[in-house]
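Trainee: I keep seeing labels on protein pictures and I'd like to know where they come from. Can we go through one together?

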Amino acid sequence: MSVHAINPALPARPGLSIVPNPPVERSVDAGIFRAVFRRHAAGVVVITADAGNGPVGFTATSLVSVSLLPPLVSFSIATTASSWPTVHRADSLVINFLDAGQHEIAGRFATSGIDRFAEPTRWSRLRTGEPVLDEAPSYLRALVEHRFAVADHHLVVARLAIHAERREHEPLLYHDGRYATTDRPS
């Protein structure tokens, strides 16, 4: 059905049509926001850092590439997160990529009130001092360039310095409130 047929006062334009039975549009509140982004599949990483008071880490699904030249990424972290004070002070951090079978690690680093680096977590330090997960199939060491306060979060922008790949892997994803994997044909 064309726009012109519904309202002859509107100019007829080829290819412009009204969607029959349009969806109900609603204002975006916190519940809608969560529901929409639960259905948006995202890669899962664990970000680790140490600003001199011991290692911290948290699970993130907000990692995105920002720039190729220079190589920049960003992620967000809640201002109330237990890791935020360290990320706020750290000059560098590690982005640990997780494979499809590492949902336990993701869950551990998403849990509040525990020592995320205690057993069974296996970790070590890079030569430059940052904590890295020993079982992460690959990681990036990054230098923090910017921290922007954005509502109840901070957006952190970091320049990639080093990439290490221990093994090829299928990524761990987060979708519809649970961990998932890609379903790639062989």
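Here is a chat about a few labels and the reasons behind them.

Mentor: Just keep in mind that this is a predicted model.

Trainee: Got it. Why is Arg34 called exposed?

Mentor: Exposed means over 50% relative accessible area. Arg34 comes in at 53%, so the label fits. You'll find Arg34 in helix H2, residues 30-38.

Trainee: What does Arg34 gather with on the surface?

Mentor: With Arg26, Arg38 and Arg39, in a patch of positive charge. Arg counts as positive, so "positive" is the right word.

Trainee: There's a nonpolar patch too. Which residues form that patch?

Mentor: Val28, Phe33, Val36 and Phe37, with about 410 Å² of accessible area together. Val and Phe are both on the list of nonpolar side chains used for patches, so the name follows.

Trainee: And what makes Val28 exposed?

Mentor: Same style of check: the cut-off is over 50%, and Val28 has 61%, so it passes. Val28 sits in the loop between helix H1 (3-6) and H2.

Trainee: On to pairs. Why do Arg125 and Asp50 count as a salt bridge?

Mentor: The rule wants a side-chain nitrogen of Lys or Arg within 4 Å of a carboxyl oxygen of Asp or Glu. Here N to O is 2.8 Å, so Arg125 and Asp50 qualify. The two are 75 residues apart, with Arg125 in strand E7 (residues 123-125) and Asp50 in the loop between strand E2 (45-49) and strand E3 (56-60).

Trainee: Is Arg125 exposed, partly exposed or buried?

Mentor: Partly exposed, because 39% falls between the 20% and 50% limits.

Trainee: How do you know that Glu130 and Arg141 form a salt bridge?

Mentor: Their closest N and O atoms are 2.8 Å apart, and the limit is 4 Å, so that settles it. Glu130 is in the loop between E7 and strand E8 (131-133) and Arg141 is in strand E9 (residues 138-150), so the pair ties together parts 11 residues apart in sequence. Both residues are buried, which means each is under 20% relative accessible area.

Trainee: What about Arg159 and Glu145, how far apart are their closest N and O atoms?

Mentor: 2.7 Å, and that makes a salt bridge. The pair links strand E10 (residues 153-165), home of Arg159, to strand E9, home of Glu145. Arg159 has 33% relative accessible area, so it's partly exposed, and Glu145, at 34%, is partly exposed as well.

Trainee: How many salt bridges does the rule give?

Mentor: Six.

Definitions and conventions: Residues numbered from 1 in each chain as written. Predicted model: local features only at pLDDT ≥ 70, side-chain atom pairs only at ≥ 80, totals over all residues. Heavy atoms only, no water. Patch = residues over 30% accessible without salt bridge, like charges linked within 9 Å, V, L, I, M, F, W, Y side chains within 5 Å. Areas by Shrake-Rupley, 256 points an atom, 1.4 Å probe, with all protein chains shown as cover. Charge placed at Lys NZ, Arg CZ, Asp CG, Glu CD. Helix = DSSP H or I, 4+ residues; strand = E, 2+ residues; numbered from the N terminus. Buried < 20%, exposed > 50% of the residue type's maximum accessible area, 1.4 Å probe, protein only.
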